[in-house]
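Thanks for coming, everyone. I have a few places in one structure to walk you through. Here it is on the screen.

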Amino acid sequence: MRRWRVGTISMGATLILLGVLLMSSQLFGWEASSLAFTWWPALLIVLGVEVLVYIFTSTQEKPVVHYDFLSILFIGFLGTIGIGLFLMSSVGVVEEVKGAIHSETTEGALPKLEQQVTSNVNKIVVQAGHNDVELTTNATDSFHLFGTFESSFLKKGELKAEDIVQVTSTGNTMYIQLLQGPKRNGIQYERTRFHRTLSLPANIPVEVQQPPNDLSVSIDTLEADWVIERTSQAVVDIGESVSASIQVESFHEQVGWDVEWDKEKQIEADQSEQKLYYKEKQYGEGEHTLQFNELDRFTIEQVGTRN
């Protein structure tokens, strides 16, 4: 009578299952990894049946199933794989691996936010948190926030306005805090990137704290003063009707080398022995101020047509 070892059928079933999964993946585009993680417990069932058959037939004179050193290797190998897959599933490693394998970047529009700035607000503080943002002005009494996002784990429509910005008013000051995109920790660190445009009312003074390293400011109209804290680089577009004085302070003498400044001088820095340079360019009557503090690089990219 033909005899076989415990674990032989399980090993054969493993190879057959693996082959079927790979072939199905090739022919039908199925996700072999998902199918394998779903059906791997069936191998433990087959292996358990083999062991039970051995137990019930071992008392016979010529049992059809025997248990020897190779059987121990088969059981040990398949059992180790099964326990490993169980532990990986329990702690979420399987989902992390599947997520990393099937990771795709989603691009979409951010939820638009429009909020009226009440008449008692006489200053807006933008806390950018070094996040990417382009600043513009508008002729309304509201601020507008819009843009796009890129994420490998968020889908379109999952973001809400409160995931992007937080608005708080204290006294006569409105604080607009730009939030960082959601993150996901794990085997592969992932974060969501925002590309935001913030349009502010032109008639309210603005202070920008912690601007991004590369800041873009597009001014179509300006009826109040702006102050922008230290940043690495700023690019400014000035509309044709803007009457403003652009003022730049920098520790680099060559800052704004491509701008024909109206005024340049060296001034004393408050808490530094370095030389601080002040440069000024006026458009129109220069009624309002657009002030940049401690810039490294600066340029005025576009200037609207002027009479």
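**A loop proline, a strand threonine and a helix pair**

Start at Pro111, which sits in the loop between β3 (106–109) and β4 (113–116). Before going on, please keep in mind that this is a predicted model.

Is Pro111 buried or partly exposed? Its relative accessibility is 27%, so Pro111 counts as partly exposed. Now look along the chain. Pro111 and Lys160 are 49 residues apart in sequence, yet their C-alpha atoms are separated by 6.3 Å. Lys160 is also among the residues that Pro111 touches. The others are Leu145, Leu159, Ala161 and Ile164, leaving out residues up to four places away in sequence.

Next stop, Thr231. This residue lies in strand β16, residues 231–238. Thr231 has 5% relative accessibility. The cut-off for buried is under 20%, so Thr231 counts as buried.

What does the side chain of Thr231 meet? A polar atom of that side chain lies 2.4 Å from the backbone oxygen of Pro212. The backbone oxygen of Asn213 is 3.3 Å from a polar atom of the Thr231 side chain. Set aside neighbours within four places in sequence, and the contacts of Thr231 fall into two runs of names. One run is Pro211, Pro212, Asn213, Asp214 and Leu215. The other is Asn293, Glu294, Leu295 and Asp296.

Stay in that part of the sequence for Gln210. You will find Gln210 in the loop between β13 (206–209) and β14 (214–219). Its phi is near 50°, a positive value in a residue other than glycine. With 41% relative accessibility, Gln210 counts as partly exposed.

His130 also has a positive phi, near 60°, and is not a glycine. His130 belongs to the loop between β5 (123–127) and β6 (133–138).

Last, the helices. Two packed helices are described by the angle between their axes and the distance between the axes. Here, α1 (residues 8–28) packs against α3 (residues 41–57) at about 160°, with the axes 8 Å apart. That angle makes α1 roughly antiparallel to α3. The crossing of α1 and α3 is right-handed.

Which residues make the contact? From α1, they are Thr8, Ile9, Ser10, Ala13, Thr14 and Leu17. From α3, they are Leu43, Val46, Leu47 and Glu50. By class, that contact has six nonpolar residues, three polar and one charged.

That is the tour. Over to you for questions.

Terms used
Residues numbered from 1 in each chain as written. Predicted model: local features only at pLDDT ≥ 70, side-chain atom pairs only at ≥ 80, totals over all residues. Heavy atoms only, no water. Axes fitted to C-alpha atoms, helices over the stretch in contact; angles between N-to-C directions. Helix = DSSP H or I, 4+ residues; strand = E, 2+ residues; numbered from the N terminus. Parallel < 35°, antiparallel > 145°, perpendicular 65-115°, else oblique. Left-handed = near helix turned anticlockwise from the far one by under 90°. Contact = heavy atoms within 4.5 Å. Nonpolar A, V, L, I, M, F, W, Y, C, P; charged D, E, K, R; others polar. Buried < 20%, exposed > 50% of the residue type's maximum accessible area, 1.4 Å probe, protein only. Polar contact = N/O pair within 3.5 Å; in protein donor to acceptor, adjacent residues only side chain to side chain.
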